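Colleague: I am new to this one. Please take a close look at the pairing between charged side chains, and tell me how well covered the partners are.

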Amino acid sequence: MAAIYVAAAWVVVQVVGEIAPALYLPDWIMTTLVVGVIVGFPIAVVLAWLFDIGPDGVHRTKPGSVKGLSAIVVSLGLLVAGTAGFVALIVPRGGDVDESITRVAFTPIANSIAVLPFLDLSANKEYEHFTDGISEVLIHQLSQIAELHVIARTSSFSFKNEKADVRDIGRQLNVGQVLEGSVQRSGGRLRIAAQLIDTQTGAHVWSKLFDHEEQQIFDIQDEIALAVADSLSFSISDAEKTRVAKDITRDLGAYELYVLARHNYAKGDHQAAVDVARQAIAVDPEFALAYTPLADGTMILVNMGVIQKEEGMATARTAIDRALELDPELGEAHASNVLYSFGVADFESAQASFEEAVKLNPSYVWSYVWIANVYGRDGKLSLATDALDRARTIDPLDPYVALNFAWLARDQGRYDRALELT
């Protein structure tokens with residue numbers, strides 16, 4: 001009976017342990033299950049000792065089946081030992097996380113969060129750009145909160161398709177909370193599971209399951225972002241709440257094209273990013289955020305020599321102006337203006353745009369990277385170092401930030417350091 005109980009309990013705990021994270025079940029369910037099967041083990045063994053099962057059903061064990069005090073003591077000892085062994089077998093070990101890492105305490109940056117790429121649960125992973133886009137838009141929304149330190153896309157997305165422990169992620173990114181989730185998209189409906197986790201304890205701060213029509217993706221994103229804001233240890237202003245929940249667009253087609261443009265930009269396919277951004281703008285000409293991958297991608301193509309400078313910079317200038325006309329408080333557009341000013345060597349305008357960009361969106365890493373290039377070109381190497389230090393806290397795992405540090409070390413004559421960084 002003990003052997004049957006142990007085998008059955010082990011299977012149940014292992015199965016629930018595998019499916020619980022995928023379904024975003026709260027931690028107490030697994031805890032309750034484990035405690036229940038541990039408590040049930042000695043009860044099952046004692047009942048098996050007291051009762052027999054035969055052809056005529058269940059009945060009490062015949063008197064005299066166990067004789068002597070020594071036999072009782074031995075039986076109780078075996079029961080205790082068996083229970084201890086059962087507990088050691090059944091309690092989950094927590095995966096393959098390096099125990100030497102989990103023992104090391106860390107102090108995350110105050111009021112910090114990383115938004116991990118939401119999982120695409122479709123069979124063929126055909127909505128990857130859509131699920132990535134949800135995470136990217138949430139990063140944009142949460143970055144509107146001045147006191148919240150939001151990790152940039154590149155570092156957050158470096159954990160994509162990895163089964164890393166959230167405490168390890170928190171340690172690598174130096175953040176206090178992680179927002180993760182999954183998306184199922186089918187027949188015009190969305191099923192989104194989202195949860196906010198404390199990286200020091202692994203405890204769930206907030207979790208919710210959404211099951212709505214596709215068109216309600218904007219409302220879902222707003223609710224998730226505002227729920228995260230409400231969980232913060234400090235209060236945010238009404239103006240910040242308004243910016244967090246501000247519609248970037250209400251056209252699902254334009255939204256999907258925009259997230260695809262950002263997906264292409266992140267992969268380094270800047271021509272595709274520019275082309276798809278144009279399509280998003282054609283669907284919704286008042287979609288201010290869609291003008292930023294158009295401007296940035298075009299200027300990158302100019303730097304690569306793919307587009308003539310005069311033509312490309314004119315296109316970028318028009319896109320930036322239109323974005324700011326539609327939304328003067330769009331930090332990403334002001335950051336694009338930093339890159340544009342760098343391209344035309346207008347360092348004074350670059351500084352003014354940088355100050356506006358970080359005021360509106362202090363967690364947008366490209367503001368710091370691009371102003372560092374401006375400072376470097378202008379010979380202000382200490383300011384360039386400060387800007388890149390800030391970029392590294394926002395995007396600690398981005399190799400491009402490290403590459404900019406290498407260029408800066410080269411300009412300072414620190415060639416060994418430059419080689420080390422590259």
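Modeller: Start with cover: a residue is buried under 20% relative accessible area, exposed over 50%, and partly exposed in between (1.4 Å probe, protein chains only). This is a predicted model, so local features need pLDDT of at least 70 and side-chain atom pairs pLDDT 80 or more, while totals for chains, interfaces and linings use all residues. Numbering runs from 1 along each chain as its sequence is written, and side-chain values use heavy atoms, without hydrogens or water.

Now the pairs. Side chains of opposite charge can pair when their charged atoms come close. The structure has 19 salt bridges (a side-chain nitrogen of Lys or Arg within 4 Å of a carboxyl oxygen of Asp or Glu). Let us walk through a few.

Take arginine 167. Its side chain meets that of aspartate 165 in a salt bridge. The N to O distance is 3.0 Å. How is the cover shared here? Aspartate 165 has a relative accessible area of 17%, so this residue is buried. Arginine 167 comes out at 33%, so this partner counts as partly exposed.

Next, arginine 191 and aspartate 211. Their side chains form a salt bridge too, at 3.4 Å from N to O. Where do the two partners sit? Arginine 191 belongs to strand S7 (residues 189-198), and aspartate 211 to strand S8 (residues 204-213). Strands are DSSP runs of E with at least two residues; helices are runs of H or I with at least four; both are numbered from the N terminus. The two partners are 20 residues apart in sequence, so the salt bridge ties together separate parts. Arginine 191 has 35% relative accessibility, which means it is partly exposed. Aspartate 211 is partly exposed as well, at 39%.

The third pair sits inside one helix. Lysine 359 forms a salt bridge with glutamate 356, and their closest N and O atoms are 3.4 Å apart. Both residues belong to helix H15 (residues 347-360). They are three residues apart, about one turn of the helix. Is lysine 359 buried or exposed? Lysine 359 is exposed, with a relative accessible area of 53%. Glutamate 356 is partly exposed, at 26%.

Salt bridges can also share partners. That happens with Glu128, Asp132 and Lys160, which are joined into one network.

So look at the cover of the acidic partners once more. Aspartate 165 is buried, whereas aspartate 211 and glutamate 356 are partly exposed. On the basic side, arginine 167 and arginine 191 are partly exposed, and lysine 359 is exposed.

For contrast, look at uncharged residues. Valine 13 lies in helix H1 (residues 2-23). What is its relative accessibility? The value is 2%, so valine 13 counts as buried. Leucine 33 is 20 residues away along the chain, yet the C-alpha atoms of valine 13 and leucine 33 are separated by 7.3 Å. Valine 46, in helix H2, gives another reading. Its relative accessible area is 30%, so valine 46 is partly exposed.

To follow this on the model, begin at the pair of arginine 167 and aspartate 165. Move on to strands S7 and S8, where arginine 191 and aspartate 211 lie. Finish in helix H15, with lysine 359 and glutamate 356.
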